[in-house]
Structures are given as structure tokens and as C-alpha cells.
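Please open the structure in your viewer and keep the selection tool at hand. The stops below are taken in turn, each beginning with what to select.

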Amino acid sequence: MVSQLITMFALLFAFYGNAKAIESVVIPDDFEEAALAPFAVLADPQGQINFETLPREDKAWQIAPAPSMNLGYTATSYWLRFRMERQNTELERIFLEISYPLHDRLEIHIPDREGHYTTSLVGDNFPFSHRPIRVTRFVFELNLDDIRDQDIYVNIRSSSSMRIGMRLYTTARLLEKNQFETGAFFLFYGTMAAMILYNILLYASIREQTYIYYVFYILSHTLFQMSLNGHLLQFIFPSWPGLASNMIPTLVGTTTIGVSLFTQSFLESRTHIRICHRALDLALAGGCLLILLNFILPYSKTIALANILPMYFSVVCFASGIIRWRQGYKPASIYVLAFAAFFLGVLMGSSLTLGLLPSNMLTEYGAQIGSMIEVIMLSIALASKINGERKTRYEAQKKALELALEKQHSYQQMEKLLYPHQLIMVQKGQSIETTMPTGTDIACVLSFDVINSSKVKSEGFNELMEEFLSDCRDLMMRGYDGQSLTSAGYMIKEMGDGFLCSVGFPLKQLGQSKAECAVDLARQIISRFVQVNEQLDAPTPLHCCIGVAMGQVRSYFSQSGSVKYDMWGRGIILATRYESLRKEIMLKLELESANMLILQEDVYYSLPSDLRKEFQVHTLADLGLQVRDHPEARTLVFMQIPASLQTNSKAS
């Protein structure tokens, strides 16, 4: 009731001083199209006046202040009155168009020559087939010979916005306008349908959730525009006018939901603009609430919220886009321009309704033009976002691949320095200092050296030695188990064409006896060296010597500089000392050159009796020899092995 009174007083204030006899609308000879003016207005706040009780005297009417008026949402019923006068024109008929297509009830009374009135009752609450001319706007034929200077009456009631605007057309001009308008609208709908289909196909290909939100937004917005333009009633619900008119709040709600979800996903607001994300959540809630209320409350109650929501989400979406743009997110720039185009189109359409701008294609179809530009630009923005994400993923994958290759290369290089179990432990994140046993234990140490290798001039010797050392490492890795830390031997270090290795610590030996395993490994190494001689085919064969000693060794990781696993101890020292006895043994016993395996007596006496028989045993004192750093040694034990397989076969 209050809103009705306010609207009535506002109208009276606008019309104040305009109560006078209405002038006729003049139809000149060259008439084609014009806004209908002047016309008189009578407000009926209670909606109780009908055509029979309608006052005819001029003092009850007010002259409309403008050819078109927007009186907002009101329950007031308005009566319009006008008359027409033609100036010697040959026109027999013209058409009256009441341009706003969402009036609930529109009643028109047209006189004939005898002064009798014909009544037509149409509107958004009546089936589309009731319209005398089946177009979205309300069009009525006026016979100029019949009406002559008689008054024509129009009554408008609407739960939508009360927009009053009337235009007159000749037949040709009306056909031209409708033909152009139909083409323009279907260009708009065709563009929207194409964008919907295009983005559905993109979603099916890319599976990016943002495309679904975008399609939902375009579809909702397109149906909303169809309802505003009257095409929803004309083409989809022609026999259910109540359903078509009441769809507007629901479509505003779905459009709000669609644009909010799209904006949140597109701008990644949850991560980058949390305050805007929460504001968009509020818009989502408002859209859901509006849909729910539209099924509970009458249209006149829900339409107010339907007008507030678009303004709210438009401001939030536009502000969110600007913030993301300023954050350096490039697709947001296209997003902002898209919404700016839409706002400009809506502004031009509103300015036409308020009479601020003249009627032309831009102002008549500003909302549709702005919407088309918006959806096309948003599609471009979405493509830019997806391409940017793809580029980012590609760069990330490329970097990850480079890192993986670097890591793989690092592991490949580490394989040369570390045992497999060490590499696995490092890959799992363990410190390298935890990958090998540390501390002190007893081991059999082998000290290998090639005699006079520096004097060898044979081609390919260095390559053969590299191959030989590789074979020795393979021999030591025989029976390797990373779980139990077991292996035939452990390479302590390489020294030119010689090396040190241990049996029994830090890796456990394969058998029960460290001494037996160490001697077996030493003989395999010498056997492989014999094969090197065969491949070298030198005039003078090479000889090697291995000293084997048992003693305490200590393993540790270096505490300064680069981390390195190392071993030292008495066992290592004694092994090198026994290996260095070879030359003195050869001189004292006048032996021919051959490969030699020299054992510490502790190792010798740890061997089984059948294996000890293969070694020569001498008393150090009888030979006048002494083992450096091992003064308590009494026995010299060694074995000679021929330098070639042929010699071995002859000896056997």
C-alpha cells in the first residue's frame, strides 16, 4: 500500500500543472514512424476502474511528461488516452506498438466510425495466441477512417517494471522493423547457441570444469534475455503464459549462480582474492535463495531481489577481475573488458528507457550487443587461461623432466661411487653417512700390485688394465646382497694399477672363513690377470703380486670436506707389507718371475689343510727376512702362479 501511494504521488508530482485538454497526435503526409505523443495518463492505485467507470472529463487526466516513462515496480494500474488526426494523408491504417513485452495485462479500447469500442485483452498472463498480431511486443491495428478524432484508451497492469512507451508505424515500416528485429535477435541467439555448443565440445575434449560453469552461465543468461524480450513466451511456452512470466526470477538466480561459479573458477579467487571469493559465495547463496523463494512467494515479491542480485554480482565480478588484473593475471584483462562491454550495452538500453538517449540500433539492442561481445570475449579469456595453464604445466613438466634427467644423471654418477643399497637409501632420503657400517672389526685385506707396469710399452695396455680393474670389481661384487650387506669383497681404493680390498668387513664374506674367502678371491684375481697377459701378447709377460693379511680395520665417513667413506687399520698396513716382500723372496730363493700370492701366517693357519698344501712355507729367520711392522712374524707363506695359460698347462 505504501509503495502504491508513493508511486501515485510521484506521478502526480510529475504531471502537476499538466491537466488540460489533450491534443491530437498528428499523422502527416510523409508519416512512417514516430513515438506516440502527447497522451494522457490516469493512475488507478486500487485497480478498481474499468472502461465503463473510467472518467472521460479532461480534468481527471494528466498529460504525460515524456513520450516514454519508467515508473518502476508498482501495483498501480494506469490508463492511457490519446487521439489521432491525419492531415490529408492517403494512409488508411497505422499500427500502434506498446514496446515493453512483459506487461501482465494490457487492455485496449479502439473506437469505430459509430463511436462503438472494440476491446482487445492481451498480456504476459494470456496465451500468445490471444494477440491480434503475434509478435513479442503488443501491436494493434488502427483504422484511421474509423477512429477519426476519437479517443483510444489503453489500460496497463504489470508486476514487472511499469514502462510506458508507445510508437506508431506504417505497415511497411512495421514489417521492416520486425524483419530487422527478428534477424538481430536470432543473430544474438545463434551466437549464444554457437558459444554454448563450442564450449561444451571444448569441455568434452579438455575436461576443464570452468567450461561447464561458463556454459551454464551463457545458457541461463540467454534464457533470461529470451524472457525479457518475450521470446520465451512466443517460442517455448506459448500456451503457459504464467510459467513464462514467472521464470524471470529463477533465470536471474541461475545466471547469478553460473557467473559466480565461473568467476571463482576463472579468476582462481579461492587462492588469490579470498575476500572476493567470499563475496561471490554470498552471490551464490542469493541465487539459490531467489530460486527457492520464486516457488514460494508471488512474482511481485521476488522480482525486487531479482533486480538487486545482478547489480551485486556485477560489481563483485568486475572488482574481482580488476584485482586479479592488477595482480598480473593476464586473462583477467580480457575478463574485465568483457564485463565492461556488457555494462555499456545495459547502460545504453537503460538510457533509452529513461529517455536520455535517442532510439537507434545501439540503444535498442544494447543489452544484446553487450552480451554477445561479453560471451565472445569471455570465451577468448577462457582460452587464454587454458593456454596459459597449459604453458605453465608444460614449463613445469619440462623443468621436472630436466630435474629428473639431472637427478638420473646424478644417480648414474653416484652408481660409480656407491653400492646399490647406498643409492636406494639416498633416494629414500637417508643421509649417506647411514648407508655403510662404521667402526672397527677384523678383516682379511688384499693388496694387489702389478710389477714394473710403468715399463710396459705395449699398445692397448691401459685399456686392458681398465677392463681388468672393472673385472676385479665384478669379482668382489659376486654374491652381493644389499639387505644383509654381503659380498665376495669390498674395494677399499684403487691406486693406479693396484688396489686394496677387504673380505669380511665392512661387507660380510660369502663363506664361514674370512681367510678362505680372501684366498679364493685373490686366486680369481690372479687368474683374471693371467688372461690379461694372453690378450696383451707382449714379449715379456707382466706379473702381479697379492699380499693377504688379517687384522683390525676401521671404517668411517670423513668429517671435513666432501663426505667420503674410507678405511684404515693394521690389516691394511700388513697386507701392503706382505705384498712388498715379493722382490726379496725372488732374490733369496732365486725364483723365476711369476705371479705371486703371499699370505700372512695368521691367514695361512686359518685355511683348511688341503688348501695349505698348495703353498710354500719358509722360516723368515732362515731367509734372513723380516716383515716390516710385523716383527712377531715367523713364517713366510707364498704361492707362485705362472704368467700365462700355456705355462700353466705345461706345468700341469
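**First stop: H14 and H15**

In this predicted model, select helix H14 (residues 461-476) together with helix H15 (residues 514-536); their axes come within 10 Å and cross at roughly 155°. Angles over 145 degrees count as roughly antiparallel, and H14 and H15 are therefore roughly antiparallel to each other. Their crossing is right-handed.

Next, display the side chains along this contact. From H14, select Phe461, Leu464, Met465, Glu467, Phe468, Asp471, Cys472, Leu475 and Met476. They meet Leu521, Gln524, Ile525, Arg528, Phe529, Val532, Gln535 and Leu536 of H15. Colouring by class gives 12 nonpolar, 2 polar and 3 charged residues in the contact of H14 with H15.

**Second stop: H3 and H4**

Move to helix H3 (residues 171-206) and helix H4 (residues 209-229), which pack at an angle of about 165° with their axes 9 Å apart. H3 and H4 are therefore roughly antiparallel to each other. H3 passes H4 in a left-handed crossing.

On the H3 side, the residues in contact include Phe185, Phe188, Tyr189, Met192, Met195 and Ile196. On the H4 side, select among others Tyr211, Ile212, Tyr214, Val215, Ile218 and Met226. How many charged residues does the contact of H3 with H4 have? It has no charged residues, with 17 nonpolar and 6 polar ones.

**Third stop: His231**

Keep Tyr189 selected and add His231, which lies in helix H5 (residues 231-236). The side chains of His231 and Tyr189 are joined by a polar contact of 2.8 Å. Is His231 buried or exposed? Buried means under 20% relative accessible area, and His231 is buried because its value is 5%. To show its surroundings, select Thr136, Phe185, Tyr189, Met226 and Ile236, which His231 touches when residues up to four places away in sequence are not counted. Phe185 and Tyr189 of H3 and Met226 of H4 also take part in the contact between those two helices.

**Fourth stop: H6 and H9**

Select helix H6 (residues 241-267) and helix H9 (residues 299-326), whose axes come within 9 Å and cross at roughly 15°. That makes H6 roughly parallel to H9. The crossing of H6 and H9 is left-handed.

The H6 residues to display include Ser245, Asn246, Ile248, Pro249, Val252 and Thr255. Among the H9 residues that H6 meets are Tyr299, Ile303, Leu309, Pro310, Phe313 and Arg324. By class, the contact of H6 with H9 has 12 nonpolar, 8 polar and 1 charged residues.

**Fifth stop: H13**

Select helix H13 (residues 420-427) and switch on a surface; His421, Gln422, Leu423 and Met425 are buried here. Then add Gly429, which follows H13 and has a positive phi, near 100°.

**Last stop: Tyr605**

Finish in the loop between helix H18 (601-604) and helix H19 (609-612), where Tyr605 is found. At 51% relative accessibility, Tyr605 counts as exposed, since that term applies over 50%. Add Arg612 and Thr635, both touched by Tyr605 when residues up to four places away in sequence are left out. For a distance label, pick the C-alpha atoms of Tyr605 and Thr619: these residues are 14 apart along the chain, and the atoms are separated by 14 Å.

Methods. Residues numbered from 1 in each chain as written. Predicted model: local features only at pLDDT ≥ 70, side-chain atom pairs only at ≥ 80, totals over all residues. Heavy atoms only, no water. Axes fitted to C-alpha atoms, helices over the stretch in contact; angles between N-to-C directions. Helix = DSSP H or I, 4+ residues; strand = E, 2+ residues; numbered from the N terminus. Parallel < 35°, antiparallel > 145°, perpendicular 65-115°, else oblique. Left-handed = near helix turned anticlockwise from the far one by under 90°. Contact = heavy atoms within 4.5 Å. Nonpolar A, V, L, I, M, F, W, Y, C, P; charged D, E, K, R; others polar. Buried < 20%, exposed > 50% of the residue type's maximum accessible area, 1.4 Å probe, protein only. Polar contact = N/O pair within 3.5 Å; in protein donor to acceptor, adjacent residues only side chain to side chain.
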